[in-house]
Amino acid sequence: MKLLFTLLAFLICACSNSEGDSASQQTSPVEFSEDSLSGMLRVKATGAVAVLGTNSEEARVNERPAMLVKFYYDFLLGQHEVTCAEFDSLMSFATGLALNCENDEFPAINVTYYDAVLFANERSKAEGFDTAYTYVNATFDNEKHCTNLEGFAYYPEVDAYRLPSEAEWVLVAHQAWNLDSAWTAQNSDYKLHVVCSIGKMSGLCDMAGNAMEWVNDWLGNFRDTILDNYVGAPDGGALGQRILKGGSFRNALESISLYSRGDVYTVTSSTRADYVGFRLAFGKIPNAVWMGTNGKVNSSRVVPLANSSTIRTLVGSYKAKLAFRNDISGNLDYIDYSSGVISVVEIADTLEVYHPDISPNGKLVAFCTGMEGVSGLSSVYVRNLDAGGSNLVKLDVESAAIPRWRVLENGDTTIVYVTDAGNNRDETTFKNTSTWQVKFSKGKFGKPQKLFDGAYHDGISDDNTLAVTGARLLRARLANSGSSIVNSGRDTVWYKNGENAEQACNVSLSKDGSKRVLFLDFGGKTGNAFAGESYGTHERLLIADSAGNLVQIVAAPSGYTFDHSEWVNGAENKAVATLANSNGSHQKIVVIDLSDSSVSELVSGDELWHPNLWVAGKSVDVENENLDLDSAGVYMNPDDEWGPVLMRYNMELLWRFRDSANVAIIGSSRPLYSISPKAFSPEFFAVNFAHTPNSIYASRDYLDKYLIPHLKNLKYVVVSLDIDFWHKIDGPESDNFFVVTYKKYPGYLYDENHGYWSDGYPKGLLEATENSISVTEAQSYLEDRGRYTATYCITWGDPPAIDADSTYFDDKMYFIENSLDALKNIIEICLNRNIYVVGMIFPQNPRYKDTGIFGRYGMRRSLAKSLIDQFHELERIYPNFTLFDENKMGAHDYTDMEAVDSDHLCYNGAPKITARLDSVLKSLK
């Protein structure tokens, strides 16, 4: 007999400025009952409402405003966080990952999001269920942690084990929330504890503390609205961000909230920390909905199946973009594969988008509002290929369809279009249409010029001797001898069975000079004869030579047919197409390699049309410079953590400004957020090389291996003295990027194997770095030469966050001594080059002065004062060292409006602290 728990709800109400504000409503009480699945409680959620987020102005931007989620289903939730014993029992055999915890009943921590979902899949399989998660390829690090699942997709309609959605987690946590009986910084001794060893409420444990918990959703924004069966954002955006809930043993009680969604730093699927674990949920979510950052609610998603590395393998470059029509919404979707975080971006407006074509430089996209095979008026537009679809321009003519970019011999960039793209079977009707060309420059169309009669919308050869089109018939326009198709051409029909023309469509003319033509047919006799077997409509991709003779045929994968075929722009012998299932649903976009007839999946969805794949040409002369582009400049991996992403951009900054920089800022996220290189006086050309996670050892090694050898004009080094986390060690067990982490990346290993280019910078390395994997959103990091702009200012926080025990150093003074030695190394390295070193203590929450703790990560205030005295002694010993203390033991003048959190300034504080540092540098002259 099931034991029924009737619970009293904690009624959480948020402030509202209007009666209709969703936050004025309350999270519903729910009932729990035992279930036959081990360790799980059934949550009777049908009809319940959860409040996500808050209207508090002190919350982060992605935690505001409050939003309501209504449930139309029940689900199961784990009574406690998955334990080490539970995790190891499945994963040690499945992936080789064994956590080997101090206590088997501790929560399984230090796991990535991908580790957690793989565990969920393994438990589903072990108990005879289907799996909620699918993927194409898995990537593991040296410790067997999963760092990437290429083609990852979650299917909410499957009855299986999974992570809880944020809404599910919050609904339950409201009723199992007791911060006075949870493992937090107040009582945990800053250590993990056995699950369910404190504060068990109604059968649930550790919702509020012990370990923070992964939930299932991608991180998105909230709206003041109500959604049914909400499961998060469709993807994690340009940074691939995930959500953590619940607080941990290291968080102060006052800093833990139900609405909090993250950690101090950016959280991605490959992030792991020794205070982050997870609990499982079970059950399908019917009619699930996602909401993107644009506020649009979707009941379906477009799922990328290939990452940046796969794209490079397929088309030879990371610099590739895919644009296509999402036929469910009618909007343009695109993917930028140069980003290590693959995100599908939808440009939403009221225009219907057909036949997108990406410009030769990859920055613009042209499209039309009418489609091939359908007569009628159509318009051609061009817009920037960015998230906002900015700078939309319309071609001012009566009708224009099927735009295709073309670069003329004189260098002009033009667009070729036709007046009508309808069925071309009737000769007279076809002749009444025409093909035109218009110059496009500086965001504007020029004056259109007619090329010839007939709607040849599928390509014109560079030498002006061939044009093709297909919308029932494969028509070609051929140049007369010694002339061009513009001045003198003859029209003909290709792909015939005797005198009878066979049906053809989705025609595309290659741009590699071969003048090959690819197209689809309707299972015609000519194609059947060439294939040596019978096939049905669109079951084969056909390729003809420049005379219209069939030269190759490629079969569609079993169970699918091809549609919307096109040549890939910029890659040799590659085509792109959609795959339609037996019901005619265009579910996938694929790349076809015509050298071996292989078909590789790029994207899946409900209705994906008209793909256009653009690949950038090579910008590095490999032959002359002898750079291996499989390694050179590749400083991050797909779907990487935020730390390596920042370092990847540091490397681009280094190679770009190696001859200009005379000030280098190194250290942690504190200078990363607050020191603005462009705000210095003209005599200082500063670059901010700070990164996270950071240690004084990583700063030392970066300076020694890269900055000193290559910044030829370096005169000043600014290093952050983050003494509250001088509890880190050096060596193989450390988090020093240049001891351990760098080995994961081809670019650093390549540099190491070449002596970090001590003999001189190799020409082309900057371009190789620019063309390697990146993150779209992090491009803004380059604008201020390395400062990461926190786009919001909140407050220092009251009380201040405390994430470590102030007594930690009492019996571990060797940490301090080792860190001091590293600082001395930095000073001495610079002394030998006549470089000044400014040791900078950054401001933290001034309210720490009312405690016994120095800063966010601990240290007794008395120890901090003693250490600062030692810094002053270093000033007396080393003529090139200066201490710049902007914290002043909390007695500084940086206000709440200048802070992001307890130990970071925001953009409001950057001008002040940069100006003061500028004055310090001037005084050294």
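## A parallel pair of strands

In this predicted model, strand 49, which covers residues 836-841, pairs with strand 52 in the parallel sense, and five bridges hold the pairing together on paper. Within this pair, Met-840 stands opposite Phe-884 of strand 52. As general background, the strands of a sheet pair through backbone hydrogen bonds, and they may do so in either a parallel or an antiparallel way.

Strand 52 spans residues 881-885, and because five of its five residues are buried, this strand is largely enclosed by the rest of the structure. Both of its faces are covered, with Phe-881, Leu-883 and Asp-885 buried on one side, and Thr-882 and Phe-884 buried on the other.

## A three-stranded sheet and its helix

Elsewhere in the model, three strands form an open sheet in the order 14-12-15, with mixed pairing. The edges are strand 14 (242-245) and strand 15 (276-278), each of which pairs on one side only. On average, and with direction ignored, neighbouring strands of this sheet are turned by 50 degrees against each other.

Strand 12, made of residues 212-218, runs parallel to strand 15 and is joined to it by three bridges, and in this pairing Glu-213 stands opposite Gly-277 of strand 15. Helix 2 (residues 113-126) packs on the sheet, where it touches strand 12, strand 14 and strand 15, and the direction of this helix makes about 80 degrees with that of strand 12.

## A buried threonine in a loop

Thr-27 lies in the loop that connects strand 1 (4-5) and strand 2 (31-34). Is this residue buried or exposed? Its relative accessibility is 1%, and because the cut-off for a buried residue is under 20%, Thr-27 counts as buried.

The side chain of Thr-27 also has polar partners: it reaches the backbone nitrogen of Val-51 at 3.1 Å, and a polar contact of 3.1 Å joins it to the side chain of His-174.

## Two nonpolar cores

The largest nonpolar core has 86 residues, and the members that touch the most others are Phe-689, Trp-726, Tyr-748 and Phe-871. Helix 8, residues 642-656, gives the most to this core, contributing nine residues.

If residues up to four places away in sequence are not counted, the residues touched by Phe-689 include Asn-650, Leu-653 and Leu-654, together with Ala-664, Ile-665 and Ile-666, and also Tyr-702, Leu-707 and Leu-711. A second core, separate from the largest one, has 85 residues, among them Phe-71, Phe-75, Ala-132 and Cys-146.

How values were computed. Residues are numbered from 1 along each chain as its sequence is written. This is a predicted model: local features need pLDDT of at least 70, side-chain atom pairs count only at pLDDT 80 or more; totals for chains, interfaces and linings use all residues. Side-chain values use heavy atoms; hydrogens and water are left out. Two strands pair if DSSP finds at least two bridges between them. Helices (H or I, at least four residues) and strands (E, at least two) are DSSP runs, numbered from the N terminus. Axes are lines fitted to C-alpha atoms, for helices over the stretch in contact, and angles run from 0 to 180 degrees between N-to-C directions. Contact means heavy atoms within 4.5 Å. Buried means under 20% relative accessible area, exposed over 50%, partly exposed in between (1.4 Å probe, protein chains only). A polar contact is a pair of N or O atoms within 3.5 Å; within protein, one must be able to donate a hydrogen and the other to accept it, and residues adjacent in sequence count only if both atoms are side-chain atoms. A nonpolar core is a set of buried Ala, Val, Leu, Ile, Met, Phe, Trp, Tyr and Cys residues joined through side-chain atoms within 4.5 Å.
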